[in-house]
Amino acid sequence: MVEEVRRGVGIVAVSAYVPEGRLDLLEAAERYGTNEEFIRSKTGYPRVARKTAGEETSDMAERAVREVLDGRPGLAQRLGLLIVVTQNPDGYGLPHVSAIVHGKLGLPDQVAAFDVSLGCSGWVYGLSVAKSFMEANGIEYGLLVTADPYSKVLDAEDRNTMLLFGDAAAATLLGRDDPRWSIGKFVFGTSGTQWQDLHVDEDRKLRMNGRGIFTFSAMRVPECLRQTLDANGLSIDEVDRLLLHQGSRYIVETIGERAKAPEKTVFSKNDIGNTVSSSIPLLLAQGVCDADRTVLAAGFGVGLSWAATVLRTTRPGMTGNLC
Amino acid sequence: MLTEADVRKALKETIKSDKVESWSVDYNFRKAGALDSLDHVTFLLRLNENHGMQVPDHDVDKLTSIQAVLAYAAARGL
């Protein structure tokens, strides 16, 4: 038992669910006072994914989990943890989404299920929470699900947010039995005085101070990346890939340049959009890091908050899949 | 003291182009579309980091020419 607990928890696999619906932002560019050049070179998202009106957060989470459990018979019975990272839960927010997902999937009673309220930094925070919880309680397998459909709170007239956010969910399977990725040390942070830069107002609409978010990201995240490298005894030269929250093309490329690793920085040219806490696991599910051995991952946003860690593998290869 | 050369350098680094040298000091780079909203934010970030020029959100739209930036900085002893 002691030996079992000592074995570190890592990432076994990642799957993602992306709704089929799309909003074509190139068609809507004029309405939002912009143009194709700005969309392609700055926001980076010509189209964004949209869930259907009747699709709930738990539905998206359930689909992502089913995908990651597919082909792993019996694994659901060995789960001990289900975390859902969201700030847009089902209905009125009670009960927690993870309990609803647990019910929909028919998971066993021994599974601890709880939500984590974080935005774009949520997947990295969630990794630490899940890893610590599993190691402290001797849990063999756990699930970290991110499902935060911002379309629930977007103001259709607000170009600041409509040009960026898309809906998706991701499920990260964690375990101690021969994981694909080991998880390194973390760096976290919060700047609570800036919470108004990204918040939902009294009309239940998302409001974003684009300048505030950009300045925060450009100044804080490179510093956080340096701290994370130090904490893990690495230099940037030893990192194969910078896996940043996909806030926008411009933010990702700016941080990559400031971290002095633009060639290692991925921006996923997709038609899904900024999927909040799902953007980093989506990249893993898309196979962006399949050839890499050392990845520096960082999430940042709502709070304002940030978190980073290092993922390492000795066996490059397929990590996940997308449905 | 913030100089015209400093402002032009920050603009050049932002848009990665030497065409800044041909702009007159009263050229409105925002109105002309030479800097989009994100370029503008990046330009102001450079002035903050390199010259300590902090600009509150309500003043951002005033700083759309080299002349306006120099006047704003001078009024604040920068």
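## Pockets, cores and local geometry of a predicted two-chain model

Helix H8 of chain A contributes more residues than any other element to the lining of the largest pocket, namely five. The model described here is predicted.

The largest pocket has 26 lining residues, and those nearest its centre are A:Lys42, A:Tyr250, B:Thr14, B:Asp36 and B:Asp39. Two or more lining residues come from each of H2 and H8 of chain A, and likewise from helix H1 (4-15) and H2 of chain B. The second largest pocket is lined by 27 residues; A:Asn160, A:Leu164, A:Met208, A:Gly210 and B:Leu38 lie nearest its centre. Its lining receives at least two residues from each of H2, helix H6 (159-162), H7 and E13 of chain A, and from H2 of chain B. H7(A) gives the most here, with six residues.

The table sets out the volumes of the two pockets and of the largest cavity, with the classes of their lining residues.

| Space | Volume | Nonpolar lining residues | Polar lining residues | Charged lining residues |
|---|---|---|---|---|
| Largest pocket | about 640 Å³ | five | nine | 12 |
| Second largest pocket | about 490 Å³ | 14 | 11 | two |
| Largest cavity | about 40 Å³ | three | seven | none |

The structure holds one cavity of 30 Å³ or more. The residues that line the largest cavity are A:Tyr45, A:Gln246, A:Ser268, A:Asn270, A:Gly273, A:Thr275, A:Ser279, A:Leu282, A:Leu283 and A:Gln286.

The nonpolar interior is considered next. The largest nonpolar core has 51 residues, of which A:Phe165, A:Phe214, A:Leu225, A:Leu242, A:Leu244 and A:Phe300 touch the most other members. Elements of both chains give two or more residues to this core: from chain A, helix H2 (36-43), strand E11 (206-208), helix H7 (210-231), strand E12 (241-244), helix H8 (249-258), strand E13 (294-301) and strand E14 (305-312), and from chain B, helix H2 (37-51). H7(A) supplies eight residues, the most of any element. Apart from this core lies another, of 38 residues, which includes A:Val9, A:Leu81, A:Ile272 and A:Ile280.

A:Phe165 has contacts with residues beyond four places in sequence: A:Val48, A:Arg50, A:Tyr150, A:Leu154, A:Leu206, A:Met208, A:Asn274 and A:Val276. One of these partners, A:Val276, lies in the loop between H8 and helix H9 (279-285) of chain A. A:Val276 is not a glycine, yet its phi is positive, at about 60°. A:Val276 counts as buried because its relative accessibility is 0%.

A second residue with this backbone feature is A:Asp178, which is not a glycine and has a positive phi of about 55°. A:Asp178 is found in the loop between E7 and strand E8 (182-183) of chain A. With a relative accessible area of 53%, A:Asp178 is exposed.

Strand E7 (residues 169-175) of chain A contains A:Ala171. A:Ala171 is classed as buried because its relative accessibility is 0%. Residues up to four places away in sequence aside, A:Ala171 touches A:Ala13, A:Val14, A:Ser15, A:Ala64, A:Val65, A:Val68, A:Leu144 and A:Val145. A:Thr319 stands 148 residues from A:Ala171 along the chain, and the C-alpha atoms of the two are separated by 12 Å.

Two helices may be described in detail. In chain B, H2 has 15 residues and reaches 21 Å from its first C-alpha to its last, close to the 21 Å expected at 1.5 Å a residue. Its buried residues are B:Leu38, B:Asp39, B:His40, B:Val41, B:Thr42, B:Phe43, B:Leu44, B:Leu45, B:Arg46 and B:Leu47. These buried residues pack against H2, H7 and H8 of chain A, and against H1 and helix H3 (66-75) of chain B.

In chain A, helix H5 (residues 122-137) has 16 residues and a reach of 22 Å between its first and last C-alpha, close to the 22 Å expected at 1.5 Å a residue. Among the buried residues of H5(A) are A:Trp123, A:Tyr125, A:Lys131 and A:Met134. A:Gly138 follows H5(A) and has a positive phi, near 60°.

Two cis peptide bonds complete the account. The bond from A:Leu94 to A:Pro95 is cis, with omega near 10°, and A:Pro95 is placed in the loop between strand E4 (79-85) and helix H4 (97-105) of chain A. A:Gly303 and A:Leu304 are also joined by a cis peptide bond, with omega about -5°. A:Leu304 belongs to the loop between E13 and E14 of chain A.

Terms used:
Residues numbered from 1 in each chain as written. Chains lettered and ligands numbered in written order. Predicted model: local features only at pLDDT ≥ 70, side-chain atom pairs only at ≥ 80, totals over all residues. Heavy atoms only, no water. Helix = DSSP H or I, 4+ residues; strand = E, 2+ residues; numbered from the N terminus. Expected span 1.5 Å × (residues − 1). Buried < 20%, exposed > 50% of the residue type's maximum accessible area, 1.4 Å probe, protein only. Core = buried A, V, L, I, M, F, W, Y, C linked by side-chain atoms within 4.5 Å. Contact = heavy atoms within 4.5 Å. 1 Å grid on protein atoms, 1.4 Å probe; cavity = no way out; pocket = protein on both sides within 12 Å on 5 of 7 lines; lining within 4 Å. Points joined across faces, edges and corners; volume = space filled by probe spheres on them. Nonpolar A, V, L, I, M, F, W, Y, C, P; charged D, E, K, R; others polar.
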